[in-house]
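Please open the structure in your viewer and keep the sequence panel visible. The tour below proceeds from one selection to the next.

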Amino acid sequence: MSYAQARWWAGSFQVLGWVAIAGAGWIWGIPAWAEAGYYTPLLMTAAAALANLPIDWYCGYWLPAQYGRSLMSPGGWWSSWARGAGIYIAAVATAGALVMGAAAWGTAGAVGAGAGLGILLMGGQYWLLRITAGGVWEHATDRGFEVETATVQDREFTGGLVGIPGQEVQVFPAHWQVALAPAVSRIIQVRRHGAINLGLYGQGALLALAAHVLLWTAAVWICGTPLTTGAGWLRASVIYTVLVTVAQVGWLPRLGREAAFAMDKWVYYQQFDADALRKSIQEADRLLEPAPLAPAQAAWVYARPTAAARLARMAAPRERAAAWQPGPILRYLSWAGGNLAARSGPMVSGHPASGILAPDT
């Protein structure tokens, strides 16, 4: 079994496990012993983090070490995992307590609090990412592009774009500057700038925020129980977990894939070195092994197309609507609603920083 296959099956099992648990809570209700008032979100997220630990360790430490894809020491991985779990627990516990308090003003209060917390999470994404990823971060301006170079231990960390549209920050991993030729690294940075220039990042972020608000509103409405109690909040949370997970299949990944194609085209038509662009696509695909799925299946769940698909459409005119990473951004924003599966998935399990900023090329 290849590294990509092992990672895929373990991460998928983790996600489906949480969906099954959340679905059971939706259908059969929340047991009375789960009621702990304002402590419910804290206890629930702490329990979820601990339940994730075996697969997190397998996907984040053991599996990469077995396939020679990790330089992390056991202590380094445990430190990274503790930071990621701690930030997730603190964020969701705080969000849950605030929603429960706001629910005293009825459904509008609970919905408004969930929406406001989503905006706060987007605004604080850079700092939460920086704390979770750890390492050394340096700011630089290269030929007009501002980039944060992150020297981190996790070799699955790819950087990307974070923050509120208009104030976004591009993050680039220092280990890619070593693994890739300078021209290839430059192309990847320029390509990400294209996501800003074309409005793809703004569209993806705003679409993810809109989806979060819509799904949280639906969860609160379906819940039918006042969210002023811990049991009420937990019931809304499990419903929201199912809705968010389902929303990340189909339409949102397709928009993300179209954004990847559009960014390649933007670089191509800016008359950059076409050979360097092709090499950047191939090298990035080598560093991040594609999902072990047929193209038609991968299109339903992955926003990152394969190198072959990107090369085939590199020079073709843009034809379809696109938005940068709306699914992964939604998964991060779903912390505001207590999504149990927010830190689970083939590209996320065991890699805490990837739960805040998904791998992207």
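Is Q325 buried or exposed? Select Q325: with a relative accessible area of 5%, this residue is buried (buried means under 20% relative accessible area, exposed over 50%, and partly exposed in between, with a 1.4 Å probe and protein chains only). Q325 lies in the loop between α13 (307-313) and α14 (326-333). Its phi is near 50 degrees, a positive value in a residue other than glycine.

**Before going further**

The model is predicted: local features need pLDDT of at least 70, side-chain atom pairs count only at pLDDT 80 or more, and totals for chains, interfaces and linings use all residues. Residues are numbered from 1 along each chain as its sequence is written, and side-chain values use heavy atoms, with hydrogens and water left out.

Now colour the chain by pLDDT, the predictor's confidence in each residue, from 0 to 100. The chain averages 85, and 93% of the residues score at least 70. Among the elements of the chain, helix α12 (residues 295-301) has the lowest mean pLDDT, 59, and α8 the highest, 94. Helices (H or I, at least four residues) and strands (E, at least two) are DSSP runs, numbered from the N terminus. Where pLDDT is low, the predicted coordinates should not be read in detail.

**First stop: α4 and α8**

Select helix α4 (residues 107-123) together with helix α8 (residues 200-223). Their axes come within 10 Å and cross at roughly 155 degrees (axes are lines fitted to C-alpha atoms, for helices over the stretch in contact, and angles run from 0 to 180 degrees between N-to-C directions). That makes α4 roughly antiparallel to α8 (angles under 35 degrees count as roughly parallel, over 145 as roughly antiparallel, 65 to 115 as roughly perpendicular and the rest as oblique).

Which residues of α4 and α8 make the contact? On α4, show T107, A110, V111, G114, A115, G118, I119 and M122; on α8, show A205, L209, H212, V213, W216, T217 and V220. Contact means heavy atoms within 4.5 Å. By class, this contact has ten nonpolar, five polar and no charged residues (Ala, Val, Leu, Ile, Met, Phe, Trp, Tyr, Cys and Pro count as nonpolar, Asp, Glu, Lys and Arg as charged, and the others, Gly among them, as polar).

**Second stop: α9**

Keep α8 displayed and select Y240 in helix α9. Y240 is buried, with a relative accessible area of 0%. Not counting residues up to four places away in sequence, Y240 touches H212, L215, W216, A219, L333, S334, G337 and N339.

Next select R235, which is also placed in helix α9 (residues 230-247). R235 is buried, with a relative accessible area of 18%. Leaving aside neighbours within four places in sequence, R235 is in contact with residues including G25, W26, I222 and C223.

**Third stop: α7 and α10**

Select H193 in helix α7 (residues 182-197). At 27% relative accessibility, H193 counts as partly exposed. The C-alpha atoms of H193 and V147, 46 residues apart along the chain, are separated by 9.9 Å.

Finally, add helix α10 (residues 251-269), whose axis comes within 9 Å of that of α7 and crosses it at roughly 110 degrees. The two helices α7 and α10 are therefore roughly perpendicular to each other. Among the residues making the contact are H193 of α7 and W266 of α10. The residues of this contact divide into seven nonpolar, three polar and three charged.
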